[in-house]
Amino acid sequence: MDGPGPLGDFLQARRARLRPEDVGLRDLGPRRRVAGLRREELAQLAGVSVSYYARLEQGMSRGASAEVLDAIARALLLDGHEREHLDRLAGAARRAPRARRPRPEKLHDETRDLLRTVAAPALVLGRRSDVLAWNGLGHALLAGHLGFHAPEDPARRPNMSRMLFLDPHSRELYVDWKRKIRAVVGNLRIAVGRHPDDPLLAELIGELTMKSTEFVALWGDHRVQPCDAAAYELHHPVVGPVTVTQQTLSIARSPDQLLIVCTTPAGSPGEQGLKLLGQARSGLVVDRDHVTVRVREGERTAERPVERLRDDGSARRGQPVVQRLRVIGVKPQRHS
């Protein structure tokens, strides 16, 4: 492999992030010509020779012991997630690369049953953030402009990382889009550390690098952060503002797959927004001047105005609302 490799890149990025005062060293002021710590400073803090540490960063030494890695991790002030990532990169550097194309990821029947029983918006992601499946609300909330059955075909599967960087619909969905993509890149860093020889994952990173300057900037930072639970404000094209907490759950039968569930506090506006979204999926009725949602209420069918779903406060005719509702894949019906 040309260049320092993932381990060397990570060490260089973390060293550049530190300032001398962060580790108790005297800052030389304007005479300092490098960003962050020098190699010799880091080597001194870790208690290793400068030449050995330089070879490690340059990818010329792949046999660092656990004790040396511990010392380097302490010198770099790595947190727990970054320390685990360092171990994975060092372990991968010791192994010979395997250029084997992995088989398409599959969903166990038990996982599909679990997804079907989840009432909240939910989806299952593979190890490269491919969408392996989603329930109806998960599809309507996060990707209603795509076909519901797209995850069933491995060649057409949506990829959440690709969507967030390259799909305008996904970009507009998140109010704080930059915070969301930072989380996505942190998670991708973990995936690369766990699967350094996955060519499909490498292709995804390469595509995002070629097509997104925002991805390039974040990827070069080498930040490592898993997505476990985080609240995001969404600007949904149908129900308007809604805040959900995206929780990431591991799947026992499939360690490389994750169940993402979007929850809201009981009685919150977010809960009402998701309820309206579920009702909108039940069917629509459109006439010349207004749009209504047709929903089942016990033994009868009720029609509710959809104007209250509009986020711009305008009182124009219903056609713009129809276009918004089509985003979640519902075909409107017109009054005769």
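Begin with the whole chain in view: of the 336 residues of the protein chain, 46% count as buried. The model is a predicted one. Colour the protein chain by secondary structure, and 14 helices and nine strands appear. Among contacts in the protein chain with a separation of 6 or more, 55% are accounted for by residues 24 or more positions apart. If a surface is displayed, the accessible area of the protein chain comes to about 18,000 Å², with 51% of that area belonging to carbon and sulfur atoms.

**Helix α2**

Select residues 39-46, which form helix α2. The buried residues of this helix are Glu 41, Leu 42, Ala 43 and Ala 46. Add α1 (5-17), α3 (50-57) and α4 (66-75) to the selection; these helices are included in what covers the buried residues of α2. Then move to Gly 47, which follows α2 and has a positive phi, near 75 degrees.

**Aromatic pairs**

Next, show the side chains of the aromatic residues; the structure holds four aromatic pairs. Pick Phe 165 and Phe 215, one of these pairs, whose arrangement is edge-to-face, with 5.3 Å centre to centre and 90 degrees between the planes. This pair links distant parts of the chain: Phe 165 belongs to helix α8 (residues 160-166) and Phe 215 to helix α12 (residues 213-219), 50 residues apart. Both Phe 165 and Phe 215 are buried.

Now go to Tyr 174 and Tyr 232. Their ring centres are 5.6 Å apart and their planes stand at 90 degrees, so this pair is edge-to-face; the reasoning rests on the cut-off that planes over 60 degrees apart count as edge-to-face. The pair also links distant parts of the chain, 58 residues apart: Tyr 174 is in the loop between α9 (168-173) and α10 (177-194), while Tyr 232 is in strand β3 (residues 229-236). Tyr 174 is buried, as is Tyr 232.

**The ring cluster and its charged neighbours**

Return to Phe 165 and Phe 215 and extend the selection to Trp 177 and Trp 219: ring pairs link these four residues into a cluster. Which charged ends sit over the rings of Trp 177 and Trp 219? Over the ring of Trp 177 sits the charged end of Arg 171, 3.8 Å from the ring centre. Over the ring of Trp 219 sits the charged end of Arg 189, 3.6 Å from the ring centre. With Arg 171 and Arg 189 added to the display, the tour is complete.

Notes: Residues are numbered from 1 along each chain as its sequence is written. This is a predicted model: local features need pLDDT of at least 70, side-chain atom pairs count only at pLDDT 80 or more; totals for chains, interfaces and linings use all residues. Side-chain values use heavy atoms; hydrogens and water are left out. Rings of Phe, Tyr and Trp (its six-membered ring) pair if their centres lie within 6.5 Å; planes under 30 degrees apart count as stacked, over 60 as edge-to-face and the rest as tilted. Helices (H or I, at least four residues) and strands (E, at least two) are DSSP runs, numbered from the N terminus. Buried means under 20% relative accessible area, exposed over 50%, partly exposed in between (1.4 Å probe, protein chains only). A charge sits over a ring if NZ of Lys or CZ of Arg is within 6 Å of the ring centre and within 35 degrees of the ring normal. Contact means heavy atoms within 4.5 Å. Accessible areas come from the Shrake-Rupley method with a 1.4 Å probe; for residues, only the protein chains shown count as cover.
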